[in-house]
Amino acid sequence: MDAAQAISLVANWIRSHGLDYPTEGLAADRFEAGWSVYAPVIVDESDPMAFLDMPVGRSVFLVGDSGRIEEVSSSVPPQAAQDRFTTQEIANAHASAGSDEAQFMAEFERAFHQAAAGHPPAVSSFTVVDGSPDEAAIAAEASRLLEPIAQQLAQLGPPGWDRLSAEFAFTVSAEVAQLWFFSGDRSAAAPVPLSIGELVRHQRDVAAQMPAGPWWRLLLTVTNRGVLTVEYDYGDQPFPDDQLLTADHYRNDLAAYPRPRVPVWLAGYVAGPAAQGRDPQRAAAAAATGRNGVAVDGVPQLADVWARWAALSAVYVGVRSDWGPRIFPGHAWYESDRRSGSVLFVLPGERAVLSGGKWDSPLLEAAYNGGRPLPDLYSGAPAWVTDSVLNTRNRNGLLTFCLWWVGGRWHRGATDTSGELDVPLPPVRSFDETVRAMTSQTGPGTDPACAALLTAIGNGGATAHHVAALFTRVPGADVGAAVNQLSLAGLLTA
């Protein structure tokens, strides 16, 4: 390939991508693996201050002898950019030797350019509403920077791949990159080179200038026909465990890129145990102040809550459901399908602790994003209300209610948390509510059997026969496991 051919390829590439970059008067300099093509900048050498007018970070196009084009910034040392490009060209040549991969990649790149030509950028996550021209330009630049990332990822795939999926979880101080290639019903993971990580980091820095701020996860899907789809994850839902960084890294990121609002779950995660932790030392010190808790009405007696929770657990276990409440030795557990949940610990001496969290709690939203204090959940709590008997949400600053049973009634801290109970608790607020929830699993016509079990529990006469009667309309029910739930709760008559 000669200089004229390299310049022609770059000019066509610029036009197909709609770049604000000249296509006339381009120059080309030869290096080991191809040509460096750029628009020369004419500077008045007689003016000692003319260098201040020279553009910084203008694009330079590296064109390999293979025909591959990579856009780099002039702010990157030319030799470093050319060395990296040459290394990639050599790796591509080795990977394609003796196979059809070179032809495949050439076709992929042509398809990618064709898919982009004459169409708006593939990225739809950036929406500028009544924004300034600068914001629109930043959004366009962030979108454009995704294309070289997709192209370089595609070069890492095995022969014949159909689709790739790449997921990046980044902060300013740590990052996770995962890449998979799919072909039919087969999939294969592939490592992501540091050079691609640098491109992703740069793209995130550019995206950070948008009103939404920098993404925390970038999800890319690319087909072998060059179709790119993009999703930016700003933390509306918790991140997958294998892409969740330690809290320190999110603190560093928030320090570098302050945000007007942080998702409540992430704000709690960053706050950590210091926000709502209650170790024995802290609990004892707080209890020594002599304050009293607030008596709570509207929550059933401890015996009723425990009995209804256990009956529901027996039903859900009996129908072999993965959802629903459960009884474990000494405590009851429940997680809803709406990311809310609670636990009830029953302690010796007629004591208990009921605590949990509501996913979309206005109390936490006001605290983490509205400048209000966290809800006062422990004021007046006895010293035995500690981390060991609290819902684990308190370790991540997401606890929204805490009740303790002592002296024959429920108590709470200073904050009124009555609005936090409906979703995190299983349906145990009334006898009829629990029966309805049971029959939703055991089927029509089982209301009498469900009511009979609850009544027998209340009278201290529940038997395995009462449990078995629940499942007459449930083929294959695990009656033994259901009976065991009531036995663990101490509510089954021998």
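**Entry 1: a loop residue**

I started at alanine 469, which sits in the loop between helix H15 (464–468) and H16. I am working from a predicted model, so I kept that in mind throughout. Is alanine 469 buried or exposed, or something in between? With a relative accessible area of 30%, alanine 469 comes out as partly exposed, because that value lies between the 20% and 50% cut-offs. I then looked up its separation from threonine 442: the two are 27 residues apart in sequence, and their C-alpha atoms are 9.9 Å apart in space.

**Entry 2: the chain as a whole**

Next I stepped back to the full chain. I counted 16 helices and 16 strands. Of the 494 residues, 47% are buried. I also asked how far along the sequence the contacts reach. Taking contacts between residues at least 6 apart, I found that 62% join residues at least 24 apart.

**Entry 3: the nonpolar cores**

A general reminder to myself before this search: in soluble globular proteins, nonpolar side chains tend to be buried together. Here, the largest nonpolar core holds 44 residues. Which residues have the most contacts inside it? They are Trp309, Leu344, Leu354, Trp410, Met438, Leu453 and Leu470. I listed the elements that give two or more residues to this core: the helices are H11 (302–318), H13 (431–442), H14 (447–458) and H16 (479–488), and the strands are E12 (331–335), E14 (351–357) and E15 (401–406). H11 gives the most, with 11 residues. There is also a second, separate core of 30 residues, and Leu146, Ile149, Ala166 and Ala190 are among its members.

**Entry 4: helix H8**

I wanted to know how enclosed helix H8 (residues 264–271) is. Seven of its eight residues are buried, so the rest of the structure largely encloses this helix. I noted the buried ones as Val264, Trp265, Leu266, Ala267, Gly268, Tyr269 and Val270. Their cover includes helix H7 (247–256) and helix H12 (362–369). Just past the end of H8, I found glycine 272 with a positive phi of about 70°.

**Entry 5: serine 36**

A strand residue came next: serine 36, in strand E2 (residues 34–38). Serine 36 is buried, because its relative accessible area of 7% falls under the 20% cut-off. What does serine 36 touch, leaving aside neighbours within four places in sequence? My list reads Ala27, Ala28, Asp29, Phe31, Val60, Phe61, Leu62 and Gln82.

**Entry 6: cysteines**

I searched the whole structure for disulfides and found zero. I checked two cysteines for burial while I was there. Cysteine 402 is buried at a relative accessible area of 1%, and cysteine 450 is buried at 0%.

**Entry 7: cavities**

My last search was for enclosed space, and it turned up two cavities of 30 Å³ or more. I took a look at the second largest, which has about 30 Å³ of space. Which residues line the second largest cavity? I wrote down Trp13, Ile69, Glu70, Glu71, Glu147, Pro148 and Gln151. Strand E4 (69–73) and helix H5 (146–154) each supply at least two residues of that lining. By character, the lining splits into three nonpolar, one polar and three charged residues.

Notes
Residues are numbered from 1 along each chain as its sequence is written. This is a predicted model: local features need pLDDT of at least 70, side-chain atom pairs count only at pLDDT 80 or more; totals for chains, interfaces and linings use all residues. Side-chain values use heavy atoms; hydrogens and water are left out. On a 1 Å grid over the protein atoms alone, a cavity is a set of points where a 1.4 Å probe fits but cannot get out, and a pocket is an open set with protein on both sides within 12 Å along at least five of seven lines; lining residues have an atom within 4 Å of a point. Grid points are joined across faces, edges and corners, and a volume is the space filled by probe spheres set on the points. Helices (H or I, at least four residues) and strands (E, at least two) are DSSP runs, numbered from the N terminus. Ala, Val, Leu, Ile, Met, Phe, Trp, Tyr, Cys and Pro count as nonpolar, Asp, Glu, Lys and Arg as charged, and the others, Gly among them, as polar. A disulfide is a pair of cysteine sulfur atoms within 2.5 Å. Buried means under 20% relative accessible area, exposed over 50%, partly exposed in between (1.4 Å probe, protein chains only). A nonpolar core is a set of buried Ala, Val, Leu, Ile, Met, Phe, Trp, Tyr and Cys residues joined through side-chain atoms within 4.5 Å. Contact means heavy atoms within 4.5 Å.
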